[in-house]
Amino acid sequence: MEEYYTLIKIGIVVLAALIINLILRRVIKLLTTKYAKRVSADATSFSFLKNSVGFIIFSVVIIYIIQYIPGLKNIGTALFAGAGIFAAIVGFAAQKAFGNIISGIFILIFRPFRVGDTVYIGNIYRGIVEEITLRHIVIRDYENRRIIIPNGIISEETIVNSSISDISIKKHIEFRIDFNSDIDKALEILKEEAEKHPLTVDARTAEQIEKGSPKVMVRIVTIEEYAYRLRAWVWAKDNDDAFIISCDLNYSIPKLFKENGISIPYPHQEVIIKKQLDKFGK
């Protein structure tokens, strides 16, 4: 009978833990969606807490069950007595898991990115941060796929954050023209086409406007082996608008260059064959 009551009590504790975990996760989600901006809080902290609360609650439940059941308590005491060996074995077997947890804590403390930021992780991963957990982060890429990256990998990669302080983007739009083309005309076309794009943002200060600085600056940035390389510095509201501007100009500029006799070169070689004359000039 006593064993029966013990099982009932354990069941109640586990059920209570499940209910508390569910309630706390919903409360944290409510704070994230409704009150985070009102209290100037970072959604990253709520996301991390939401995914940590279950781990903490069930760890406490397991410890309670071990202490409550005499047989398990004896086993627990034996395990704690050999804590050094046990810790070494667990540490060796789960070093990557612990590394991910520690990296997740560092992400929360130093905040190289937050939930909702647009980031580049290394040279491969790019997207919007959707979730941060103890083990990994979830990124939604621009094909609406979810990329799950362990925190340990992130801590070793270079992170480019397009949203950490200012989401506006200064996009470099570049084209190459050959040496026989009209440089001034090409620069004029590039400047006018970039300035009239509806998503281009005027980032000039009042002083720059008064001085007559252009909305979009264009320059020849280098002379290459077979071409001039032109660049336009175009400001956009965010990364998505910058991408659209780039795509639209990549479509319209080559057409305008062609209409105005401006050639976009391609790598090529010229082979000149000279006829060798014999010593008598024949």
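Two short exercises with worked solutions follow.

The model is predicted: local features need pLDDT of at least 70, side-chain atom pairs count only at pLDDT 80 or more, and totals for chains, interfaces and linings use all residues. Residues are numbered from 1 along each chain as its sequence is written, and side-chain values use heavy atoms, without hydrogens and water.

**Exercise 1.** Describe the chain as a whole.

Step 1. Take the secondary structure. The chain has nine helices and eight strands. Helices (H or I, at least four residues) and strands (E, at least two) are DSSP runs, numbered from the N terminus.

Step 2. Take burial. Of the 282 residues, 31% are buried (under 20% relative accessible area, 1.4 Å probe, protein chains only).

**Exercise 2.** Work out the order of the sheet that holds β6, β7 and β8, then place helices on it.

Step 1. Find the order. The open sheet runs β6-β8-β7, with antiparallel pairing. Two strands pair if DSSP finds at least two bridges between them.

Step 2. Find the edges. β6 (169–177) and β7 (217–223) each pair on one side only. From one strand to the next, the twist averages 30°.

Step 3. Check one pair. Nine bridges join β6 to β8 (residues 228–236). In β8, Ala232 is the bridge partner of Ile173.

Step 4. Add the helices. α7 (residues 183–195) lies across β6, β7 and β8, at about 15° to β8. α9 (residues 239–259) lies across β6 and β8, at about 20° to β6. Axes are lines fitted to C-alpha atoms, for helices over the stretch in contact (heavy atoms within 4.5 Å), and angles run from 0 to 180 degrees between N-to-C directions.

How values were computed:
Buried < 20%, exposed > 50% of the residue type's maximum accessible area, 1.4 Å probe, protein only.
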